[in-house]
Amino acid sequence: MNLTVFGATGGIGREIVRQALGSGHRVTAVVRDPARLDVRGDALEVVRADLTDPEELRAAVSGRDAVLSGLGARSRKDAGVAARLTRTVLRAMAAEDVRRLLVVSAGPVGPAPADDGPFDRAARGLVSAILKDIYADLREMEAELARSGTDWTSVRPPRLQDKPLTGRYRTAVGGFPPKGRFIARADVAHAMLAMIDDRGTVRQGVGVAY
């Protein structure tokens with residue numbers, strides 16, 4: 001497949017690029033600073049863009065089979081960036097009639113498992129309070145997706161870890177895996193790539209966790 005990856009210098013975005021190339025896909029990585037992308041490959045094209053102008057992004061998404069995004073705030077001071085930049089990506093995709101989009105959101109944005117215990121409910125509430133601005137940004141991003149005409153999937157992980165790929169994790173379409181507290185960035189990337197052709201995830205939030 002021909003894929004475009006936004007946020008390719010972030011932890012999940014870099015893993016998407018690396019794993020996609022390893023699986024034989026052609027990848028266009030859209031970045032602000034190409035020097036920060038340490039992945040190489042003959043099937044990789046690196047495009048420098050500031051992500052504020054949809055016209056500038058049209059060539060990067062034109063004719064692609066899917067677009068994957070790891071865009072999001074890296075700290076509370078960056079809250080707002082996920083919705084704002086995703087809006088730009090959506091406009092570029094609409095202009096080029098590219099439909100498939102997968103993005104990274106967060107577990108607390110979606111519904112909690114019905115059988116969450118007291119510890120998990122308390123932990124979820126504490127994290128949501130501390131990161132409320134970031135989660136508000138992600139909820140607005142998901143609202144933008146819902147208003148769009150794209151075949152979107154919002155992947156919602158819990159606490160992220162920098163650990164090796166396992167390929168062993170649980171997913172819950174429209175929900176979240178019970179007692180799912182952690183997942184490696186590499187496995188989030190793996191899940192996103194696996195969902196590209198999964199029609200059951202279209203226009204759905206998908207919880208993913210160990």
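Strands are DSSP runs of at least two residues, numbered from the N terminus. In this predicted model, Ser 69 belongs to one such run, strand E4. Ser 69 is buried, because its relative accessible area is 3% and the limit for burial is under 20%. Beyond its sequence neighbours up to four places away, Ser 69 touches Phe 6, Leu 102, Val 103, Val 104 and Met 192. One of these contacts, Met 192, is a buried residue of helix H6.

Strand E4 is part of an open sheet of 8 strands. The strand order is E3-E2-E1-E4-E5-E6-E10-E8, and the pairing is mixed. Strands E3 (44-48) and E8 (170-173) stand at the edges. Each has a single partner strand, so one side of each lacks a neighbour in the sheet. From one strand to the next, the twist averages 20 degrees.

At the E3 edge, strand E2 (residues 26-31) runs parallel to E3, and 5 bridges join the two. Within this pair, Val 27 is opposite Leu 44 in E3. Helix H2 (residues 54-61) packs on the sheet. H2 touches strand E1 (2-6), E2, E3 and strand E4 (66-69). The direction of H2 makes about 145 degrees with that of E1.

The loop between E3 and H2 holds Asp 50. Asp 50 counts as partly exposed, because its relative accessibility is 38% and the partly exposed class lies between 20% and 50%. Residues up to four places away in sequence aside, Asp 50 touches Arg 32 and Glu 56. Asp 33 is 17 residues from Asp 50 along the chain, and the C-alpha atoms of the two are separated by 9.0 Å.

Further along the strand order, strand E5 (residues 100-104) pairs with E6 in the parallel sense over 5 bridges. Val 104 in this pairing stands opposite Val 155 in E6. Val 104 is also among the contacts of Ser 69. On the other pairing, E6 runs parallel to strand E10 (residues 204-209), with 4 bridges between them. Here the bridge partner of Arg 156 is Gly 207 in E10.

Strand E6 (residues 151-156) is mostly covered, with 6 of its 6 residues buried. Burial extends to both faces of E6. Asp 151, Thr 153 and Val 155 are buried on one side. Trp 152, Ser 154 and Arg 156 are buried on the other.

Arg 156 in strand E6 was examined in more detail. Its relative accessible area is 9%, so Arg 156 is buried. Neighbours within four places in sequence aside, the contacts of Arg 156 include Ser 105, Ala 106, Gly 107, Gly 110 and Pro 111. Glu 142 and Phe 176 are also in contact with Arg 156. So are Gly 205, Val 206, Gly 207 and Val 208. Gly 207 is thus both a contact of Arg 156 and its bridge partner.

Burial also marks helix H6 (residues 185-195). Of its 11 residues, 8 are buried, so H6 is largely enclosed by the rest of the structure. The buried residues are Ala 186, Asp 187, Val 188, Ala 189, Ala 191, Met 192, Leu 193 and Met 195.

Arg 18, in helix H1 (residues 11-22), has another setting. Arg 18 is partly exposed, with a relative accessible area of 36%. Residues up to four places away in sequence aside, Arg 18 touches Asp 38 and Val 39. The C-alpha atoms of Arg 18 and Ala 8 are 9.6 Å apart, and 10 residues separate the two along the chain.

Helix packing was examined for H3 and H5. Helix H3 (residues 81-96) and helix H5 (residues 132-147) pack at an angle of about 20 degrees, and their axes are 7 Å apart. H3 is therefore roughly parallel to H5, a class that takes angles under 35 degrees. The crossing of the two helices is right-handed. H3 contributes Val 81, Ala 82, Ala 83, Thr 86, Arg 87 and Leu 90 to the contact. H5 contributes Asp 137, Leu 138, Glu 140, Met 141, Glu 144 and Leu 145. The residues of this contact divide into 7 nonpolar, 1 polar and 4 charged.

Notes. Residues are numbered from 1 along each chain as its sequence is written. This is a predicted model: local features need pLDDT of at least 70, side-chain atom pairs count only at pLDDT 80 or more; totals for chains, interfaces and linings use all residues. Side-chain values use heavy atoms; hydrogens and water are left out. Axes are lines fitted to C-alpha atoms, for helices over the stretch in contact, and angles run from 0 to 180 degrees between N-to-C directions. Angles under 35 degrees count as roughly parallel, over 145 as roughly antiparallel, 65 to 115 as roughly perpendicular and the rest as oblique. A crossing is left-handed if the near helix is turned anticlockwise from the far one by less than a right angle, and right-handed if clockwise. Contact means heavy atoms within 4.5 Å. Ala, Val, Leu, Ile, Met, Phe, Trp, Tyr, Cys and Pro count as nonpolar, Asp, Glu, Lys and Arg as charged, and the others, Gly among them, as polar. Two strands pair if DSSP finds at least two bridges between them. Buried means under 20% relative accessible area, exposed over 50%, partly exposed in between (1.4 Å probe, protein chains only).
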